[in-house]
Amino acid sequence: MKLALSPDEVAFRDELRRFYRTEIPAEIRDKVEYGRELTRDEIVTSHKILHEHGLAVPNWPAQWGGKDWTPVQRHIWEDEMQLASVPEPLTFNANMIGPVIAQFGSQELKERFLPPTAALDIWWCQGFSEPDAGSDLASLRTTAVRDGDSYIVNGQKIWTTLAQYADWIFCLVRTDPNAPKKQAGISLLLFDVNTPGVTIRPIKLIDGHHEVNEVFFENVRVPADQLVGEENMGWTYAKFLLGNERTGITGVGRTKVRLAVAKKYAAQTNVGGGTLLADPLFAARVAELENELLALELTLLRVVANSSEGKPNPASSVLKLRGTELQQAATELLLDVAGPDALPVGADDIASPDWAQRTGPGYLNYRKTTIYGGSSEVQRTIIASTILGL
Ligand SMILES: Cc1cc2nc3c(=O)[nH]c(=O)nc-3n(C[C@H](O)[C@H](O)[C@H](O)COP(=O)(O)OP(=O)(O)OC[C@H]3O[C@@H](n4cnc5c(N)ncnc54)[C@H](O)[C@@H]3O)c2cc1C
């Protein structure tokens, strides 16, 4: 089964296909295709090229740089971008805080933050999780106490992705410790990470890279006009943001690229009398993954088509759960294609090909995907209660 596109949609797709492959530097796309780490500059360069052509934040309201595209056009925009191995617009800006400010922020906040957020002149990071508040996010303990025209913030965040590159943080804080429900006393504050009292410390991940951080707040003074929406309404905004985050994690196009890379190298790997790609067991594994991916793609289209403004769609949990499982399956496939060549990770003097040496760290790194954005167990609970009504 294939998605049938109208002639206009085909023209739209072909134009984007051409744009992504000619306007975004090949060195950047090559790095994405083969799973190499991008520098901050490369991420900013790619985002800015998209932005200059109106392609960074099509999901935003048109007034703030969005496009009145159909769900199918939105899907084509994202799928073609992933297929061309273009880095997606910085998710903290484009999918997380931008849509929240556009939906819930005051006019003043919108004017101040939306243009630089769309242009990636401000790099945002997400200050939600804490050492004892991950799945149970509403237990967060970082406090913000009102003091005149400011809030004084104290506490700690953890797993803050790319905070080392960030200019600003959007941060969930407890403003009412006595609220009857813990969800009711939470607010969303925006502040510069260079404010006195903010300390960022790196955490090394299982693949050896520095991707996440701990962020500490000690008497950080934040102007009260940097509160999003209303005080103590932060939980509503957080749920909206997490729904967008989960849908964004699906990554169908990226997994297609990873499968294509695995097939390319499998075709060059000899086993018995033929290639690994021709091996019936391997071919069956690839076919199954491709079918699962197609099913996910069609589900994604349905979710995008039925999402109503401002409301989190619980189906985003299905996309997050299944999308990350397939991402992991693809990294596992690639690791298996590399075989023993995957083992000498980071060794300069070993002759195994560079792509094979990267499959080990890639496989390990992708273990994260079933944890971040809400773990698989948490997604299953949401699906059971809100979709299946159990
Ligand atoms: C690579 C990476 C990047 C991240 N980036 C960010 C970021 O930028 N900003 C940010 O705020 N956070 C970020 N996170 C944090 C992420 O959202 C949390 O790790 C996640 O929500 C899980 O929380 P936890 O780590 O505290 O685990 P816990 O909540 O302690 O969970 C531990 C285990 O228990 C299970 N579990 C917990 N509760 C239940 C339940 N009710 N039912 C069944 N099982 C349950 C979980 O599924 C998990 O297996 C990131 C995490 C990772 C790994």
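**Exercise 1. The largest cavity**

By class, how many nonpolar, polar and charged residues does the lining of the largest cavity have? Work from the list of lining residues.

Solution. The model is a predicted one.

Step 1. Start with the cavities themselves: there are two of 30 Å³ or more. The largest cavity holds about 60 Å³ of space.

Step 2. List the lining of the largest cavity: Val 32, Glu 33, Ser 85, Arg 254, Val 257 and Arg 258. Two elements, α2 (26-33) and α8 (252-267), give two or more residues to this lining.

Step 3. Sort by class. Val counts as nonpolar, and Glu and Arg count as charged. The lining of the largest cavity therefore has two nonpolar, one polar and three charged residues.

Step 4. Assign the lining to elements and domains. Helix α8 gives the most, with three residues. Domain 1 (7-89) and domain 3 (249-388) each provide at least three residues of the lining.

**Exercise 2. The second largest cavity**

Which element supplies the largest share of the lining of the second largest cavity? Give the volume and the classes as well.

Solution.

Step 1. The volume of the second largest cavity is about 50 Å³.

Step 2. Its lining consists of His 75, Glu 78, Asp 79, Gln 82, Thr 250, Gly 251, Val 252, Gly 253 and Leu 300.

Step 3. Helices α4 (71-83) and α8 each supply at least two of these residues. The largest share, four residues, is from α4.

Step 4. Glycine needs care in the sorting, since Gly counts among the polar residues. By class, the lining of the second largest cavity has two nonpolar, five polar and two charged residues.

Step 5. For the second largest cavity, domain 1 (7-89) and domain 3 (249-388) each give at least three lining residues.

**Exercise 3. Two helices that line cavities**

What span should α8 have at 1.5 Å a residue, and how far apart are its end C-alpha atoms? Treat α4 in the same way, then find the buried residues of both helices.

Solution.

Step 1. The expected span is 1.5 Å times one less than the number of residues. Because α8 has 16 residues, it should span 22 Å, and this agrees with its end C-alpha atoms, which are 22 Å apart.

Step 2. Helix α4 has 13 residues and reaches 18 Å from first to last C-alpha, close to the expected 18 Å.

Step 3. Buried means under 20% relative accessible area. In α8 the buried residues include Arg 254, Val 257 and Arg 258, which also appear in the lining of the largest cavity. Val 252 and Gly 253 of α8 are buried too, and they line the second largest cavity.

Step 4. In α4, the buried residues include His 75, Asp 79 and Gln 82, each of which lines the second largest cavity.

Step 5. Lys 263 lies in helix α8. With a relative accessible area of 28%, Lys 263 is partly exposed.

**Exercise 4. Positive phi**

Where is Trp 159 found? Compare its setting with those of Asn 232 and Ser 85.

Solution.

Step 1. Most residues other than glycine have a negative phi.

Step 2. Trp 159 is not a glycine, yet its phi is positive, about 65°. Trp 159 sits in the loop between β3 (150-158) and β4 (168-174). Its relative accessible area is 48%, so Trp 159 is partly exposed.

Step 3. Asn 232 likewise is no glycine and has a positive phi of about 70°. Asn 232 is in the loop between β7 (210-223) and α7 (234-249). Its relative accessible area is 21%, so Asn 232 is partly exposed.

Step 4. Ser 85, which follows α4, has a positive phi near 55°. Ser 85 is also one of the residues lining the largest cavity.

**Exercise 5. Annotated spans**

What percentage of residues 7-119 is helix, and what percentage is strand? Do the same for residues 125-220.

Solution.

Step 1. An unreviewed UniProt entry lists residues 7-119 as "domain: Acyl-CoA dehydrogenase/oxidase N-terminal". This span is 68% helix and 0% strand, with its end C-alpha atoms 32 Å apart.

Step 2. For residues 125-220, the unreviewed UniProt entry gives "domain: Acyl-CoA oxidase/dehydrogenase middle". Here the chain is 0% helix and 51% strand, and the end C-alpha atoms lie 17 Å apart.

Note on methods: Residues are numbered from 1 along each chain as its sequence is written. This is a predicted model: local features need pLDDT of at least 70, side-chain atom pairs count only at pLDDT 80 or more; totals for chains, interfaces and linings use all residues. Side-chain values use heavy atoms; hydrogens and water are left out. On a 1 Å grid over the protein atoms alone, a cavity is a set of points where a 1.4 Å probe fits but cannot get out, and a pocket is an open set with protein on both sides within 12 Å along at least five of seven lines; lining residues have an atom within 4 Å of a point. Grid points are joined across faces, edges and corners, and a volume is the space filled by probe spheres set on the points. Domain bounds come from an automatic or database domain assignment. Buried means under 20% relative accessible area, exposed over 50%, partly exposed in between (1.4 Å probe, protein chains only). UniProt positions are given in the numbering used here, feature names are shortened, and annotations may be inferred rather than shown by experiment.
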